Amino acid sequence: MSIPRIIYLLLAFFGLVMTWYYNLQFMADSGGSFDITAFVAAGATNAAAKSLSWDLAIACVAGLSWMYFESRRMGLRYFWMYMVLALGVAFAFAFPLFLFVRQGKLEAEA
């Protein structure tokens, strides 16, 4: 496996573990359930949280758009899977995972 693929895979792993570590903490603090309304509200509690929330939202829209067009250009299947993972798990997991798969296809074609 190439160095770029290893880096992308490690980033996907950390994107999954780190986001869900804090998601689980949020759920524990919220009585054991995941209240999406409270979660979104917590992302707007102050200017720093709003800045990070908007930063992630815009990066997610741009990233998913690029992933869609890149998937079509390269003939990668299952684009919808990355969208589901980005919205249901974490963009920090889905995007590096996409890059890992994309890099594998590029290397296979070379």
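In which helix is the place of Trp54? The legends below take up this residue after an overall view of the predicted model.

**Figure 1. Overall view of the predicted all-helix chain, with five helices and zero strands.** From the N terminus on, the elements follow the order α-α-α-α-α. The C-alpha trace spans about 50 × 25 × 25 Å along its principal axes. Of the 110 residues, 29% count as buried. The exposed area of the protein is about 7,400 Å², and carbon and sulfur atoms supply 71% of it. Among contacts between residues at least 6 apart in sequence, 62% join residues at least 24 apart. There are 7 positive and 6 negative side chains in the protein. The centres of these two sets of charges lie 11 Å apart.

**Figure 2. Close-up of Trp54 in helix H3.** The place of Trp54 is in helix H3, which answers the opening question. With a relative accessible area of 58%, Trp54 is exposed, because a value over 50% counts as exposed. Ala42 serves as a second reference point in this view: Trp54 and Ala42 are 12 residues apart in sequence. In space, the C-alpha to C-alpha separation of Trp54 and Ala42 is 13 Å.

**Figure 3. Close-up of the largest pocket.** About 980 Å³ of space lies in this pocket. Its lining has 29 residues, and the closest to the pocket centre are Asn23, Phe39, Val40, Ser53 and Leu56. Two or more lining residues come from each of helix H1 (3–29), helix H2 (36–42), helix H3 (47–74), helix H4 (79–88) and helix H5 (91–109). H3 gives the most to the lining, with eight residues.

**Figure 4. Close-up of Asn23 in helix H1.** Asn23 is among the residues closest to the centre of the largest pocket. Is this residue of helix H1, Asn23, buried or exposed? Asn23 is buried, because its relative accessible area is 10% and the term applies under 20%. Leaving aside neighbours within four places in sequence, Asn23 is in contact with Phe39 and Val89. Phe39 also belongs to the group of residues closest to the pocket centre.

**Figure 5. Close-up of Tyr78 in the loop between H3 and H4.** Tyr78 has a positive phi of about 65°, although it is not a glycine. At a relative accessible area of 45%, Tyr78 is partly exposed, because partly exposed covers the values between the limits of 20% and 50%. Gln103 is included as a distance marker: Tyr78 and Gln103 are 25 residues apart in sequence. The C-alpha to C-alpha distance between Tyr78 and Gln103 is 15 Å.

**Figure 6. Close-up of Trp80 in helix H4.** Which class of accessibility does Trp80 fall into? Trp80 counts as exposed, because its relative accessibility is 56%. Phe91 is shown as a companion residue, 11 residues from Trp80 in sequence. From C-alpha to C-alpha, Trp80 and Phe91 are 13 Å apart in space.

Terms used: Residues are numbered from 1 along each chain as its sequence is written. This is a predicted model: local features need pLDDT of at least 70, side-chain atom pairs count only at pLDDT 80 or more; totals for chains, interfaces and linings use all residues. Side-chain values use heavy atoms; hydrogens and water are left out. Helices (H or I, at least four residues) and strands (E, at least two) are DSSP runs, numbered from the N terminus. Buried means under 20% relative accessible area, exposed over 50%, partly exposed in between (1.4 Å probe, protein chains only). Contact means heavy atoms within 4.5 Å. Accessible areas come from the Shrake-Rupley method with a 1.4 Å probe; for residues, only the protein chains shown count as cover. Lys and Arg count as positive and Asp and Glu as negative; His and the chain ends are not counted. The place of a charge is taken as NZ of Lys, CZ of Arg, CG of Asp or CD of Glu. On a 1 Å grid over the protein atoms alone, a cavity is a set of points where a 1.4 Å probe fits but cannot get out, and a pocket is an open set with protein on both sides within 12 Å along at least five of seven lines; lining residues have an atom within 4 Å of a point. Grid points are joined across faces, edges and corners, and a volume is the space filled by probe spheres set on the points.
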